[in-house]
Amino acid sequence: MNTPYLNRYRNGEYLQYMTDITELLSKQDLETLQLTAQKVTLDSIVHKIDAAFKQSQGSELTQEVVALDERRDRAIVGLRGVIDSYRYHFDSTITDAASILNNIIAAHGDNIQRLSYQEETAIINSIVKDMETEAEAIAAVATLHLGSWLAELKESNITFSAKYLDRVGEAALHPSSDIPKLRVQATEAYRTLVNHILAHATLGNTEAYTILLNQIDILAGQYNQVVNNRSNSGNKNGSTTEA
């Protein structure tokens, strides 16, 4: 049976998965199946996630965070691209400088722009610090005339971090919109529900339990495939809970 990648679903995907589960349950005689209490518990949390998700999608801060994240993504990709091109320069002084800076970025892995918000913030901070404080790196930046690129990377990351914290502050003013916390609660309710279905399917002779399990299996497989496709294409936040 497919196990849903609940921790890897984006908020919208997570909400829709749980909504689909409750819809499947609604088509069954829950009283007879003794699943009413479990569905009521899950429904309550899903409704809260739905309200919180709509609030987060409508937040101007959320849209600003997305735009600023794209800005710093372009900065790190652009800087790395320029440095990489200089590695093939005919002048060894240029290639040596490019190698120094490339090593600093490469030490943090590939596709930095596809990491979670928090990871990317920390890594860009580290890259900027190294390039601004290490003697060889400072000289390399000067040799390649990359001061403006480095300044843009630093400023875009600082601006993003500030706006991200603003969004955290906004969420703190609305405790009910704490989607990560609600997801933990919903996941627990979901697992309790599935365990009840599994137990009844094992101990009883009612075909409805088997049908439900098969439906959940297919549904989880379809949602998991979305995550797998995203991971294969390298899209950002494939393993995060960002909206």
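**A walk through an all-helix chain**

Let's start with the charges: the chain carries 21 positive and 31 negative ones, and their mean positions lie 1 Å apart. Keep in mind as you look around that this is a predicted model.

Now for the overall build. Which kinds of element does the chain have, helices or strands? There are 10 helices and zero strands, so if you read from the N terminus on, the order is simply α-α-α-α-α-α-α-α-α-α. How spread out is the chain? Its radius of gyration is 24 Å, while the globule rule gives 18 Å for 243 residues; the value is well over the rule, so the chain is more spread out than a compact globule. You can get a feel for that from the C-alpha trace, which spans about 80 × 40 × 20 Å along its principal axes.

What about inside and outside? Of the 243 residues, 41% are buried. The accessible surface adds up to about 12,900 Å², and carbon and sulfur atoms hold 52% of it. As for who touches whom, take the contacts with a separation of 6 or more: 78% of them are between residues 24 or more positions apart.

With the big picture in hand, let's stop at helix α9, which runs over residues 179-203. How far apart are its end C-alpha atoms? They are 36 Å apart, and that agrees with the 36 Å that its 25 residues should span at 1.5 Å a residue. Several residues of α9 are buried, among them Ile179, Leu182, Arg183, Ala186, Ala189, Tyr190, Leu193 and Ile197. Here is a handy bit of background for reading that list: an α-helix has 3.6 residues a turn, so residues three or four places apart point the same way.

Alanine 199 also sits in helix α9. Is it buried or partly exposed? Its relative accessibility is 36%, which makes alanine 199 partly exposed. Now look for tyrosine 209, 10 residues away from alanine 199 along the chain: the two C-alpha atoms are 9.3 Å apart.

For another pair, go to helix α3, residues 36-58, where you will find threonine 41. Threonine 41 counts as partly exposed, with a relative accessibility of 41%. Serine 148 is 107 residues from threonine 41 along the chain, and their C-alpha atoms are separated by 54 Å.

Finally, let's visit two loops. The one between α2 (30-33) and α3 holds glutamine 34. What is notable about the phi of glutamine 34? It is near 60°, a positive value in a residue other than glycine. Glutamine 34 is also exposed, because its relative accessible area of 54% is over the 50% cut-off.

The other loop lies between α7 (135-143) and α8 (147-172), and histidine 145 is found there. Histidine 145 is not a glycine either, yet it has a positive phi of about 55°. Is this residue buried or exposed? With a relative accessible area of 68%, histidine 145 is exposed.

Terms used: Residues numbered from 1 in each chain as written. Predicted model: local features only at pLDDT ≥ 70, side-chain atom pairs only at ≥ 80, totals over all residues. Heavy atoms only, no water. Helix = DSSP H or I, 4+ residues; strand = E, 2+ residues; numbered from the N terminus. Rg over C-alpha atoms; globule rule 2.2 N^0.38 Å. Buried < 20%, exposed > 50% of the residue type's maximum accessible area, 1.4 Å probe, protein only. Contact = heavy atoms within 4.5 Å. Areas by Shrake-Rupley, 256 points an atom, 1.4 Å probe, with all protein chains shown as cover. Lys, Arg positive; Asp, Glu negative; His and termini not counted. Charge placed at Lys NZ, Arg CZ, Asp CG, Glu CD. Expected span 1.5 Å × (residues − 1).
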